[in-house]
Amino acid sequence: MSPTKKTAPPSWRHYNFTTAGPVDDYLYSMLPKRDDVLAEMEEYATEHNIPIVGPAVARVLQQLALMINARTVFELGSAIGYSTIWWAQIVGENGRVTYTDGDSKNAERARGYFARAGVSKQITLHTGDALEFLSEQKEEFDIIFNDVDKEDYPRVLRLVAPRLRKGGLFITDNVLWSGRVAEKNPKESSTKAILEFNRKLASAPEFYTTILPIRDGLAVAYKK
Ligand SMILES: C[S@@+](CC[C@H](N)C(=O)[O-])C[C@H]1O[C@@H](n2cnc3c(N)ncnc32)[C@H](O)[C@@H]1O
């Protein structure tokens, strides 16, 4: 093989393609309009700097739930309940979504939004440590959604498999960490934790995993 051939990038890699900037604007312009409560939450999150998944990722979450006919979702890290409402809207009348957050002020605000969105019946609210609460669960969920502090990601991974049904999904937000996963010498504990998490999830034999590069990166792991 000639040296030039050896270093030539694969033709199927999109090195010059980016979903930031105008392409990102285009993606968001394609999304259906949200109802009043979700739109208000998006505004509140922007004003108060609350890191919600936003509507593009939320659509993916709902689509994944539809594809596996999910009825039960356990969410780790729910904040004001934005992603929780998207789950609740898709699990159906008899479905159930577990909200967890360590901040009781978030939970109070979320409770108000759930009532106004008409989804309170489907949601169980838990204020406290999400990992501890997950570790107490005896049932197998259809979906476990992980959006807690990034340092906790490796620990979340250790808890998930026994609490997810076969054919269920373990979904994790922020796995590209604003691009910091590609740093040569990452120093931040959060980046190191995400790198450890991604590596272990990718090689976990009980899961078939891909990373969707939407927004900040969404890991979708199918339990075999
Ligand atoms: C990124 S926000 C969640 C956003 C939410 N999933 C959404 O998209 O609407 C992370 C939340 O997780 C909570 N959190 C972080 N670590 C936690 C833990 N160990 N137990 C419970 N809540 C936690 C924080 O209080 C914060 O509100």
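These notebook entries record what I looked up in the predicted model.

**Entry 1. Confidence**

I began with the confidence of the prediction. The mean pLDDT of the chain is 95, and 97% of its residues reach 70 or more. I then asked which element of the chain has the lowest mean pLDDT. Helix H1, residues 3-7, holds that place with a mean of 61. Strand S4, residues 141-146, has the highest mean, 99. I note as a general caution that predicted coordinates should not be read in detail where pLDDT is low.

**Entry 2. Strand S2 and its parallel neighbours**

I turned next to strand S2, which spans residues 96-101. How many of its residues are buried? The count is 5 of the 6, so strand S2 is largely enclosed by the rest of the structure.

I looked up the pairing of S2 with strand S1, residues 72-76. The two strands run parallel and are joined by 3 bridges. Within this pairing, Phe74 has Thr98 of S2 as its bridge partner. S2 also pairs with strand S3, residues 123-127, in the parallel sense, here over 5 bridges. I found Thr98 again in this second pairing, where its bridge partner in S3 is Thr124.

I also recorded how helices connect these strands. S1, helix H5 (residues 82-90) and S2 make a right-handed β-α-β unit. A right-handed β-α-β unit is likewise made by S2, helix H6 (residues 104-117) and S3.

**Entry 3. Helices H5 and H6**

Is helix H5 largely enclosed or open? I found that 8 of its 9 residues are buried, so H5 is largely enclosed by the rest of the structure. The buried residues of H5 include Tyr82, Trp86, Trp87 and Ile90. After H5 comes Gly92, and I noted that its phi is positive, near 90°.

In helix H6 I looked up Phe114. Phe114 has a relative accessibility of 1%, and it therefore counts as buried. I compared its position with that of Tyr82, a buried residue of H5. Phe114 and Tyr82 are 32 residues apart in sequence, and their C-alpha atoms are 9.2 Å apart in space.

**Entry 4. Salt bridges**

How many salt bridges does the structure hold? I recorded 10. As background, side chains of opposite charge can pair when their charged atoms come close.

I examined the pair Glu139 and Arg96, whose closest N and O atoms are 3.2 Å apart. Glu139 lies in the loop between helix H7 (130-135) and S4, while Arg96 lies in strand S2, so the salt bridge ties together parts that are 43 residues apart in sequence. Both partners are partly exposed: Glu139 has a relative accessibility of 29%, and Arg96 has a relative accessible area of 31%.

A further salt bridge joins the side chains of Glu42 and Arg34, at 2.9 Å from N to O. Is Glu42 buried or exposed? Its relative accessible area is 15%, and I therefore entered Glu42 as buried.

The side chains of Asp147 and Lys150 also meet in a salt bridge, at 3.3 Å from N to O. I found that Asp147 and Lys150 are both buried.

**Entry 5. Strand S7 and its antiparallel neighbours**

Strand S7 spans residues 218-223, and 5 of its 6 residues are buried, so S7 is largely enclosed by the rest of the structure. I looked up its pairing with strand S5, residues 164-173, and found that the two run antiparallel and are joined by 5 bridges. In this pairing Ile171 stands opposite Val220 of S7.

Strand S6, residues 207-212, pairs with S7 in the antiparallel sense over 6 bridges. Here Thr209 stands opposite Ala221 of S7. S6 and S7 form a hairpin with 5 residues between them. Which residue in the turn has a positive phi? I recorded Arg215, with a phi of about 50°.

**Entry 6. A nonpolar patch at the surface**

Last, I examined a nonpolar patch on the surface. Phe17, Val23, Tyr26, Leu27 and Met30 make this patch, which covers about 500 Å². One of these residues, Val23, is found in helix H2, residues 22-29. Val23 has a relative accessibility of 31%, and it therefore counts as partly exposed.

Methods:
Residues are numbered from 1 along each chain as its sequence is written. This is a predicted model: local features need pLDDT of at least 70, side-chain atom pairs count only at pLDDT 80 or more; totals for chains, interfaces and linings use all residues. Side-chain values use heavy atoms; hydrogens and water are left out. Patches are made of residues with over 30% relative accessible area and no salt bridge: like charges are joined within 9 Å, nonpolar side chains (Val, Leu, Ile, Met, Phe, Trp, Tyr) within 5 Å. Accessible areas come from the Shrake-Rupley method with a 1.4 Å probe; for residues, only the protein chains shown count as cover. A salt bridge is a side-chain nitrogen of Lys or Arg within 4 Å of a carboxyl oxygen of Asp or Glu. Helices (H or I, at least four residues) and strands (E, at least two) are DSSP runs, numbered from the N terminus. Buried means under 20% relative accessible area, exposed over 50%, partly exposed in between (1.4 Å probe, protein chains only). pLDDT is the predictor's confidence in each residue, from 0 to 100. Two strands pair if DSSP finds at least two bridges between them. A crossover is right-handed if, with the strands pointing away from the viewer, the path from the first strand over the helix to the second runs clockwise.
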